[in-house]
Amino acid sequence: VGEYYFPDTAGREFLYPKWHISIEEQIVVLFRKGTLTEWESKGVKALTGKTVGWIRGYEFDKKDWLDVQINVHELRTLSQGIRMLAARRIDALIDYRSTIVEEGEKAGIPVKDEYDIKPVGRMGQKLFLKFANTKRSETFIKIFDERMTQLAKSGEIEKLYKKWGLSESKFGIDRYGK
C-alpha cells in the first residue's frame, strides 16, 4: 500500500495524495561502546572494513549515506543480529532506533547501557498511498485527502495512531502534507 514519494514519477507513472500515512523512523547504527572509537571524527566512514549486519532485503548498502566498503551480513531477524553483535560476530548493526532498543530488551541485552546508538542517513521519508495515474485514482485521492483533513482537524488521526501503538512521530501535526 505504501510508497515513498518520488518526484520524478509523480504525475507521470503514479499519483500521490497530499497526505502521507507514516514517516520512516531514523536509521541508526548500533555498536559496542569503545569498539568504533573513530566514530566521532569519521562518522559512517568508521565502518570501513567492518562486518555490518542488517535485515535481509533492507539493502542499506545501496543508500547514498553508506558510501564505504563494508562486509555485509544479512540477517533473518533483528534479534539474531543483536545476539551476533553481543557475541562479537559482527561489528555493527543497522536498523531503526525503536526496533533496535525493543529487540535488545526482549533479548535481555542492555543496548542503551553497553552500546552506542548513532544516527545515520537522514530523517525518515514520508510514506504515501500510491495510485495509478488514472481518472479513477484522481477521484480516490480527492476523497482520501478530504477525509484525512477531517481526521487531522478533529484529532482523530492521532487517536487512531495511538490506539494501534504507533508513535506520534509517525504522523505528527508538524508532518502533515508534502
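**Loops, sheet and cores of a predicted model**

Glu59 is placed in the loop between β5 and β6 (71-75). The structure described here is a predicted model. Within that loop, Glu59 adopts a positive phi of about 50° although it is not a glycine. Its relative accessibility is 38%, so Glu59 counts as partly exposed, since the partly exposed class lies between the limits of 20% and 50%.

A second residue with a positive phi is Arg88, which is likewise not a glycine and has a value of about 65°. Arg88 belongs to the loop between α2 (78-86) and β7. With a relative accessibility of 58%, Arg88 counts as exposed, because the exposed class begins over 50%.

The description now turns to the strands. Three strands make up an open sheet in the order β1-β9-β3, and their pairing is antiparallel. The edges of this sheet are occupied by β1 (2-4) and β3 (22-23); each has a single partner strand, so one side of each is left without a neighbour in the sheet. Between β1 and β9 (residues 126-129), which run antiparallel, there are 3 bridges. Gly2 takes part in this pairing, with Leu129 in β9 as its bridge partner.

Which residues of the largest nonpolar core touch the most other members? They are Val29, Trp39, Leu47, Phe60, Leu66 and Ile94, out of 19 residues in that core. The strands β4 (27-32), β5 (51-55) and β7 (92-96) each contribute at least two residues to this core. The surroundings of Leu47 may be followed in detail: leaving aside residues up to four places away in sequence, Leu47 touches Val29, Leu36, Trp39, Val52, Leu66, Val68, Gln69, Ile70, Ala92 and Ile94. Another core, of 16 residues, lies apart from the largest one, and its members include Leu75, Leu93, Ile100 and Val101. In soluble globular proteins, nonpolar side chains tend to be buried together.

Nonpolar residues also occur on the surface of this model. Leu160, Trp164 and Leu166 form a nonpolar patch there, and together they have about 330 Å² of accessible area. Within this patch, Trp164 is located in the segment after α6 (156-163). Is Trp164 buried or exposed? Trp164 counts as exposed, because its relative accessibility is 62% and the exposed class covers values over 50%.

Note on methods: Residues numbered from 1 in each chain as written. Predicted model: local features only at pLDDT ≥ 70, side-chain atom pairs only at ≥ 80, totals over all residues. Heavy atoms only, no water. Pairing = 2+ DSSP bridges. Helix = DSSP H or I, 4+ residues; strand = E, 2+ residues; numbered from the N terminus. Patch = residues over 30% accessible without salt bridge, like charges linked within 9 Å, V, L, I, M, F, W, Y side chains within 5 Å. Areas by Shrake-Rupley, 256 points an atom, 1.4 Å probe, with all protein chains shown as cover. Salt bridge = Lys/Arg side-chain N within 4 Å of Asp/Glu carboxyl O. Buried < 20%, exposed > 50% of the residue type's maximum accessible area, 1.4 Å probe, protein only. Core = buried A, V, L, I, M, F, W, Y, C linked by side-chain atoms within 4.5 Å. Contact = heavy atoms within 4.5 Å.
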